[in-house]
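Here is a short set of exercises to work through at the bench or at your desk. Keep the model open beside you and try each task before reading its solution.

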Amino acid sequence: MNSPTDFSAFDELAMAQALRLAHEAIGLSEPNPRVGCVIAGDGWQVQGFTQAAGQAHAEVMALRAAQDAGHDVRGATAYVTLEPCAHHGRTPPCCDALVAAGLSRVVVAVGDPNPLVAGQGIARLRAAGIRVDEGLMAAAARELNIGFFSRQIRKRPWVRMKIAASLDGRTALENGVSQWITAEAARADGHAWRKRAGAVLTGMGTLLEDDPRLDVRLVPTAKQPLRVVVDSRLETPLGAKLLQPPGEVLVYGAVPNAEREAALRGAGADVAFCPESGRGKVDLPAMLADLAARGVNELHVEAGHKLNASLLKTGLVDELLVYLAPKLIGLGREMAAFGPLTTLADALEYEFREFEAVGRDLRILARPPGRGAF
């Protein structure tokens, strides 16, 4: 692997462009990773990014662009944000396409954690006589696909919990009214984060009080995330907005009820059972494992204080996405209903990663210490 000083200024510019291209695959490529590719020759360059599952990957898109432009890619360099795949999935291996094209060098930001690849793509490129340099902008490339890494390594999605709250930490009035604590810009920004996710999850409390749709509406998207409800007793109303198009719906139950299950399936929802032994509740870790098996890389949680507490207390939340509105509510619903704690040492600790003004509100990203180092 190269050290940062081994890469040229042009290498850095080309990989930065490949990363920008990879962002174009957000809301498009899932469950596949978001990958960008730049191929550069003598005085020319072409680019591509991963398309929808079953369609061309970034490397193939860039090779097609070169062919369309009449460029001879033999001897050229490819800059790829993730190790080219080495297995036959819905599409042929990208490493073979690069070998066949006659490139002389491939710069890879970060290796692919998928056990079907995991170094094999790079090994095959090198076996074909292609120079491979690794590690350029690896942290940024890995962060862009944090959910894909989580699913491949931990066998569960990256769980991001979104909360909109007042300055005094209230997410709703005492009577449950919460629309709208934050302003329009923050709500649109929240939809951009929904777009990142393979699934958006809520609980029965939020479903009954707010009747959310959980789809992506306020920003453009190529596909809708899976909409998920934690509903132990299959009590989701058949007239819920969530059951309306667009997108698919999955209800997780714990207590079998053949009549309710049939009704939900008739309304277009899928139903899965993850019972927690002896409690009549959904087993949340088992639910995450099932979502990973379904190809969900990032799970975006928009739930109420009870489900939030359950996820937080069990250590299942990888990241908090908090929008703070410049207002005070006083008595009302809290972010998460756990406690009371007897000592501050028992508090759940987080590290701030980002602060940004979004319209009149403040967006905060925070993670448990060390989270993401897997």
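A patch is made of residues with over 30% relative accessible area and no salt bridge, and nonpolar side chains are joined into one within 5 Å. Please keep in mind that this is a predicted model.

**Exercise 1. Which residues make a nonpolar surface patch of about 320 Å², and is F352 buried or exposed?**

Solution.
- Step 1: Find F352, F355 and L362, which together make the nonpolar patch of about 320 Å².
- Step 2: Place F352 in its element, strand β15.
- Step 3: Apply the cut-off, by which exposed means over 50% relative accessible area. F352 has 58% relative accessibility, so F352 counts as exposed.

**Exercise 2. Describe the second largest pocket by its volume, lining and residue classes.**

Solution.
- Step 1: Start with the volume: the second largest pocket holds about 480 Å³ of space.
- Step 2: Turn to the lining, which has 19 residues, with L320, V322, M335, L348 and Y350 the closest to the pocket centre.
- Step 3: Ask which elements give two or more residues to this lining; they are β13 (319–325), β15 (351–358) and β16 (361–367).
- Step 4: Sort the lining by class, and you get 16 nonpolar residues, one polar and two charged.

**Exercise 3. How many cavities of 30 Å³ or more does the whole structure hold, and what lines the largest cavity?**

Solution.
- Step 1: The search of the whole structure gives one cavity of 30 Å³ or more.
- Step 2: The volume of the largest cavity is about 40 Å³.
- Step 3: Its lining residues include E30, R34, L144, F148 and E298.
- Step 4: Helix α6 (residues 146–153) contributes the most to this lining, giving three residues.
- Step 5: By class, the cavity lining splits into four nonpolar, four polar and three charged residues.

**Exercise 4. Look at the salt bridge between E302 and R194. Which parts of the chain does this pair tie together?**

Solution.
- Step 1: Check the contact. The closest N and O atoms of E302 and R194 are 2.9 Å apart, and a salt bridge needs such atoms within 4 Å.
- Step 2: Locate both partners. E302 sits in the loop between β12 (298–301) and α11 (305–313), while R194 belongs to helix α7 (residues 184–196), so the pair ties together parts 108 residues apart in sequence.
- Step 3: Look at the surroundings: both E302 and R194 are buried.

**Exercise 5. Where do the partners of two further salt bridges stand, buried or partly exposed?**

Solution.
- Step 1: Recall that buried means under 20% relative accessible area, with partly exposed lying between that and the exposed class.
- Step 2: Take R213 and D215, whose closest N and O atoms are 3.2 Å apart. R213, at 35% relative accessibility, counts as partly exposed, whereas D215, at 2%, counts as buried.
- Step 3: Take D270 and R265, which meet in a salt bridge of 3.0 Å, N to O. D270 is partly exposed at 29% relative accessibility, and R265 is partly exposed at 40%.
- Step 4: Now widen the view. The whole structure has 29 salt bridges, and a network of salt bridges links E30, R34, E143, R160, R196, E298, E319, R353 and R367.

Conventions
Residues numbered from 1 in each chain as written. Predicted model: local features only at pLDDT ≥ 70, side-chain atom pairs only at ≥ 80, totals over all residues. Heavy atoms only, no water. 1 Å grid on protein atoms, 1.4 Å probe; cavity = no way out; pocket = protein on both sides within 12 Å on 5 of 7 lines; lining within 4 Å. Points joined across faces, edges and corners; volume = space filled by probe spheres on them. Helix = DSSP H or I, 4+ residues; strand = E, 2+ residues; numbered from the N terminus. Nonpolar A, V, L, I, M, F, W, Y, C, P; charged D, E, K, R; others polar. Patch = residues over 30% accessible without salt bridge, like charges linked within 9 Å, V, L, I, M, F, W, Y side chains within 5 Å. Areas by Shrake-Rupley, 256 points an atom, 1.4 Å probe, with all protein chains shown as cover. Salt bridge = Lys/Arg side-chain N within 4 Å of Asp/Glu carboxyl O. Buried < 20%, exposed > 50% of the residue type's maximum accessible area, 1.4 Å probe, protein only.
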